[in-house]
Amino acid sequence: MEPTILQTEAEVLMESINYTWILLVTFLIFFMHAGFAMLEAGQVRSKNVANQLTKNLLTWSVGVTVFFLIGVGVESAVAGGGFEPAFVGDATSWIDWLYGAVFAMTAATIVSGAVAGRAKLRAYVGYTFLLAAVIYPVVTGLTWAGEYLEFGGVLFEDFAGGMIVHGMGGIAGLTAAWVLGPRMDRYNDDGSVNVIPGHSLTFAVLGTLILAFGWYGFNVGTSAIFSDGAFVGDQLGRVAATTTISMACGAMGAGLVAWLKTGKVDTLFVANGLLAGLVGITAIPHTTAWWGAFVVGGLAGAQLPIVFGFVEQRLKIDDVCAVFPVHGSAGILGTLLFPFVAAPGVVDSVVDAFVAQVIGVVVISAWTVGATAIIWYAFKAAGQARVTPEHERDGLDVSEHGVDTYPEFGGPDIATDGGKDKIIRTDGGERFEESRSSSELRSDGGEPNDGELKMITAIIRPDRLGAVKKALAETGAPSLTVTNVSGRGSQPAKKGQWRGEEYTVDLHQKVKIECVVADIPAEEVVEAIGESANTGEPGDGKIFVMPVDDAYQVRTGNTGPDAV
């Protein structure tokens with residue numbers, strides 16, 4: 001008779017279930033890279049989106065192979081077991097390696113958010129190589145694998161990587177950003193800060209929620225289903241509950257502090273605070289009392305706007321995606337709170353446990369700062385750390401990858417009045433440029449042209465487009481061209497916020513309507529547009545009437561008024 005699951009020994013069955021569980025949560029943690037990609041892409045400018053996505057893809061691709069070939073062996077050597085890379089093990093040990101790899105790559109990809117917008121791709125990939133090969137394996141060799149960090153017989157506690165993974169990644173990101181220096185135009189000569197908003201809050205929030213989903217693999221997945229022959233349902237339940245509560249309180253804590261500082265609940269701070277709450281509980285979800293999850297999450301979220309402001313305004317470090325307050329300081333905070341929020345009976349000596357946690361935080365921080373600074377200073381000395389100012393201005397998508405993430409929104413360069421104008425055209429898939437200049441400039445606009453063809457150009461509010469289209473149709477001029485534009489005039493500037501900081505928006509979204517008429521009086525068209533676009537408020541727009549020398553209809557070949 002063929003063996004069935006009911007005839008399998010209990011020990012083998014439990015091991016099989018545990019390893020299946022490990023693979024399942026490994027895949028869930030891997031999916032977090034989609035969250036990191038969206039979160040970081042949303043927080044950078046549109047000209048750097050492809051670069052950020054590429055860095056996330058290469059973080060996994062380069063880092064996971066290096067961790068397999070070198071990193072696992074370094075971890076084993078630091079832990080005292082000799083250099084034994086993953087490929088010398090059996091199939092079961094390969095599952096352990098893959099589970100460790102997704103944690104390692106999480107620490108690595110955090111750094112990309114801090115150095116966004118100015119780090120060379122080769123420098124970032126080089127650092128990822130060294131992080132996966134040496135920096136992260138040394139940390140895990142001292143902690144999870146070797147268990148060297150302790151005080152008074154109490155081991156340093158980090159259940160799922162609140163300090164080992166996230167704290168380390170946040171500190172590494174802050175260090176790399178410090179060595180690289182801020183993005184161009186981030187700070188003025190007097191030290192004041194210029195806000196540089198990211199291009200998509202939607203991407204940032206989507207990435208946040210994907211990360212939160214994957215975090216259950218991080219925390220709950222770290223707990224085995226069976227341990228010592230018993231079902232560990234109590235631990236699974238506690239981890240799931242404390243993770244969820246801390247996540248929620250992190251969002252509320254960050255939103256509350258942002259509101260107290262600015263009078264508004266900042267969306268990005270709420271999203272980042274949710275992640276900070278998750279980071280804060282990650283070291284201790286299996287030991288924390290239910291009320292402790294409220295404390296850890298609330299404090300992790302509340303510190304976020306404060307620490308971000310300190311890093312930005314006091315330290316003058318340009319941490320683009322706020323990786324230190326989200327991952328670094330939140331991870332440190334949660335790790336240090338371990339003995340104070342633990343459930344009854346978990347901690348015998350609060351003092352010994354706290355000192356052990358401090359030792360772990362100090363050792364991991366010192367190693368991470370030292371190793372990261374040496375590597376990035378070496379890249380900087382070789383001139384390979386940062387892109388050129390020209391490439392930074394153009395954006396890393398074009399300079400590093402030769403792509404435009406949003407090509408349909410591109411346009412020709414804008415020239416000043418009377419200057420040279422650059423035309424960028426597409427013909428058969430090939431791009432070419434030519435320059436032209438006006439042969440004569442007249443300050444009074446020259447002699448008026450009273451020919452039969454007139455071009456009416458109107459700049460109006462977007463919400464008035466429907467009324468204008470209807471009015472033009474009623475005048476007998478239904479043909480028009482509509483373009484989304486932005487500009488400034490008499491309409492007052494608006495104030496915007498990005499992570500609770502105010503910036504000025506003086507380019508307002510408008511719609512440009514172009515209409516060429518022949519036998520219809522231009523005055524009637526102007527009147528129709530003016531009446532239908534008027535709201536009585538500054539910013540209603542302007543209408544211009546210009547002569548047209550000639551027109552040509554492509555389909556028929558008609559010219560002049562017949563073409564219109």
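The largest cavity of this predicted model holds about 80 Å³ of space, where a cavity is a set of points, on a 1 Å grid over the protein atoms alone, at which a 1.4 Å probe fits but cannot get out. Its volume is the space filled by probe spheres set on the points, which are joined across faces, edges and corners. Rolling a probe the size of a water molecule over the atoms shows where empty space is left. The structure holds 2 cavities of 30 Å³ or more, and the lining residues of each, which have an atom within 4 Å of a point, are compared by class below.

| Cavity | Volume | Nonpolar lining residues | Polar lining residues | Charged lining residues |
|---|---|---|---|---|
| Largest | about 80 Å³ | 4 residues | 1 residue | 7 residues |
| Second largest | about 70 Å³ | 6 residues | 3 residues | 1 residue |

In these classes, Ala, Val, Leu, Ile, Met, Phe, Trp, Tyr, Cys and Pro count as nonpolar, Asp, Glu, Lys and Arg as charged, and the others, Gly among them, as polar. The lining of the largest cavity includes Arg-183, Arg-186, Glu-312, Asp-318, Asp-319, Arg-499 and Glu-501, together with Gln-43. Gln-43 also belongs to the lining of the second largest cavity, as do Phe-36, Leu-39 and Glu-40. Helix α2 gives 4 residues to that second lining, the largest share, and the elements that give two or more residues to it are α2 (32-43) and α11 (323-336).

The largest nonpolar core, a set of buried Ala, Val, Leu, Ile, Met, Phe, Trp, Tyr and Cys residues joined through side-chain atoms within 4.5 Å, has 99 residues, among which Tyr-136 and Trp-376 touch the most other members. Helix α4 (residues 91-114) contributes 14 residues to this core, the most of any element. Leaving aside residues up to four places away in sequence, Tyr-136 touches partners including Phe-67, Phe-103, Trp-144, Ile-164 and Met-168, contact meaning heavy atoms within 4.5 Å. Another core, of 16 residues, lies apart from the largest one and has Ile-456, Ile-460, Val-517 and Ala-522 among its members.

Across the chain of 564 residues, 46% count as buried, that is, under 20% relative accessible area with a 1.4 Å probe, protein chains only. The chain has 17 helices and 12 strands, which are DSSP runs numbered from the N terminus (H or I, at least four residues, and E, at least two).

Residues are numbered from 1 along each chain as its sequence is written, and side-chain values use heavy atoms, with hydrogens and water left out. Local features need pLDDT of at least 70 and side-chain atom pairs count only at pLDDT 80 or more, whereas totals for chains, interfaces and linings use all residues.

Key. Buried means under 20% relative accessible area, exposed over 50%, partly exposed in between (1.4 Å probe, protein chains only). On a 1 Å grid over the protein atoms alone, a cavity is a set of points where a 1.4 Å probe fits but cannot get out, and a pocket is an open set with protein on both sides within 12 Å along at least five of seven lines; lining residues have an atom within 4 Å of a point.
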